[in-house]
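Open the model in a viewer and keep the sequence panel in view. The stops below say what to select and what is there.

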Amino acid sequence: MKNIKYYVCPSTVKEALAVLLSKKYKAMALAGGTLVSKTLPDTVETYLDLKNLPIKGIRLQGGNLVIGAGATFDEIDRSKLCRSWAGGCVSRAAEACSSQLVRNMATIGGNIARPHSFNIFPVVLLGLDAKVRLQTKKGAQLVDFQDLYSSGLGLRPGLDSLITEIVIPVKTRKWKCEFIKLAKTASSWESYIKLFFSAEKKGKSVIQARVAVGALSPRPFRAPEAEKALLSGAGAEAAAKAFAAELEAARAGEYRSSAASSLFKRFVNSL
Ligand SMILES: Cc1cc2nc3c(=O)[nH]c(=O)nc-3n(C[C@H](O)[C@H](O)[C@H](O)COP(=O)(O)OP(=O)(O)OC[C@H]3O[C@@H](n4cnc5c(N)ncnc54)[C@H](O)[C@@H]3O)c2cc1C
């Protein structure tokens with residue numbers, strides 16, 4: 001923080017990107033400031049405040065749920081659209097953020113810009129097949145959330161590009177979903193494990209399944225064997241066993257594996 005020389009507060013994404021890309025400013029984006037203020041690299045000389053950018057709305061577009069990167073956890077929690085989507089799990093995930101003070105300031109863009117084990121939205125967006133719209137020097141780019149942290153993308157949001165919105169596809173609107181933060185207290189940022197389950201049934205068959213796991217590593221991951229078991233109609237017991245084995249392989253340890261697989265079994269039994 002001691003190296004900050006400039007504070008810039010643009011009102012358009014174009015201006016903001018120009019500052020970010022200018023060698024003169026050595027800028028870093030600042031949204032709610034809840035994380036960046038603790039992790040600011042010494043090389044940064046300019047705070048690029050995003051608060052005046054028109055990237056805060058939550059709306060329907062082409063049937064998809066579009067959440068502006070500048071929307072706060074509190075706005076997502078209270079949004080009627082988010083509460084009605086996928087059984088309300090997007091809002092419930094926002095509500096699970098540690099405290100009202102943080103929820104008032106922290107944005108979804110800031111939550112996903114960098115991989116972080118304990119952040120809430122990465123595991124939810126992975127499970128919902130979300131896409132992220134970025135503004136880069138090459139123009140607007142829509143990328144799958146699962147590719148956001150891949151080295152192949154070659155971008156460092158906040159330093160050389162801006163996230164402007166998150167697009168959650170229309171197909172997920174009616175999915176039955178559950179988000180679970182298994183933590184010591186509801187107000188903990190840290191958690192033992194974060195889980196996202198979703199499924200869709202046609203008659204007695206499960207035709208769609210997502211099992212995503214967060215908090216074990218900076219990047220969340222899917223559990224393909226548990227998903228496969230669910231889709232094959234193997235039943236709750238077998239699906240939970242497959243999930244526990246995947247968690248063991250990911251070095252989750254006995255407590256996390258057994259707690260998470262029990263929670264998964266409960267979800268499957270509720271379908
Ligand atoms: C006390 C405390 C408790 C917390 N509890 C939780 C919790 O329970 N759950 C949780 O998930 N997180 C928690 N956090 C972490 C943090 O608040 C969140 O990750 C938050 O969402 C960050 O958002 P922000 O808007 O404050 O981002 P900032 O701090 O402003 O920025 C964070 C990073 O994102 C980049 N960035 C921000 N917006 C954009 C954008 N639009 N485009 C590109 N890059 C961008 C910045 O450059 C920076 O690298 C907590 C933090 C604190 C300090």
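Begin by colouring the chain by domain: residues 6-49 are domain 1, residues 58-171 are domain 2 and residues 175-269 are domain 3. Keep in mind throughout that this is a predicted model.

**Stop 1: the sheet of three strands**

Select strand 1 (6-8) and strand 2, then add strand 3 (residues 46-49). The three strands make an open sheet with parallel pairing, and their order across the sheet is 1-3-2. Strand 1 and strand 2 are the edges, each paired on one side only. From one strand to the next the twist averages 25°.

Now zoom in on strand 2 and strand 3, which are joined in the parallel sense by four bridges. To find one pair, label Met28 and look across to its bridge partner in strand 3, Tyr47. Next show helix 1, which packs on this sheet and touches strand 1, strand 2 and strand 3. The direction of helix 1 makes about 160° with that of strand 3.

**Stop 2: the sheet of five strands**

Move on to the open sheet whose strands follow the order 4-5-8-6-7. Here the five strands pair in the antiparallel sense. Its edges are strand 4 (58-61) and strand 7 (139-144), and each of these pairs on one side only. Neighbouring strands are turned against each other by 25° on average, with direction ignored.

Select strand 6 (residues 131-136) together with strand 7: the two run antiparallel and are joined by six bridges. Label Arg133 and look for its bridge partner Leu142 in strand 7. Then bring back helix 1, which lies across strand 6 and strand 8 and runs at about 130° to strand 8.

**Stop 3: where domain 1 meets domain 2**

Show domain 1 and domain 2 together. Taken over C-alpha atoms, their centres are 19 Å apart. How many residues of domain 1 are in contact with domain 2? Twelve are, and they meet 15 residues of domain 2. On the domain 1 side, the elements giving two or more residues are helix 1 (13-21) and strand 2 (27-30). Helix 1 provides the largest share of that side, with five residues. By class, the domain 1 side has nine nonpolar residues, three polar and no charged.

**Stop 4: the ligand**

Select the ligand and the residues around it. The shell holds 29 residues, and the closest are Gly32, Gly109, Gly110, Asn111 and Gly158. Which elements each supply at least two residues of this shell? They are strand 2, helix 5 (100-105), helix 6 (108-112) and strand 8 (162-168). The shell divides into 18 nonpolar, ten polar and one charged residues. Because domain 1 and domain 2 both give residues to the shell, the ligand lies between them.

**Stop 5: two helices**

Finish by selecting helix 8 (residues 224-231) and helix 9 (residues 236-249), whose axes come within 8 Å and cross at roughly 170°. Helix 8 and helix 9 are therefore roughly antiparallel to each other. To see the contact, show Glu225, Ala226, Ala229 and Leu230 on helix 8. They meet Ala238, Ala239, Ala242, Phe243, Ala245 and Glu246 on helix 9. By class, this contact has eight nonpolar residues, two charged and no polar.

Note on methods: Residues are numbered from 1 along each chain as its sequence is written. This is a predicted model: local features need pLDDT of at least 70, side-chain atom pairs count only at pLDDT 80 or more; totals for chains, interfaces and linings use all residues. Axes are lines fitted to C-alpha atoms, for helices over the stretch in contact, and angles run from 0 to 180 degrees between N-to-C directions. Angles under 35 degrees count as roughly parallel, over 145 as roughly antiparallel, 65 to 115 as roughly perpendicular and the rest as oblique. Two residues are in contact if their C-beta atoms, placed from the backbone, lie within 7 Å. Ala, Val, Leu, Ile, Met, Phe, Trp, Tyr, Cys and Pro count as nonpolar, Asp, Glu, Lys and Arg as charged, and the others, Gly among them, as polar. Domain bounds come from an automatic or database domain assignment. A residue is near a molecule or strand if its C-beta atom, placed from the backbone, lies within 6 Å of it. Two strands pair if DSSP finds at least two bridges between them.
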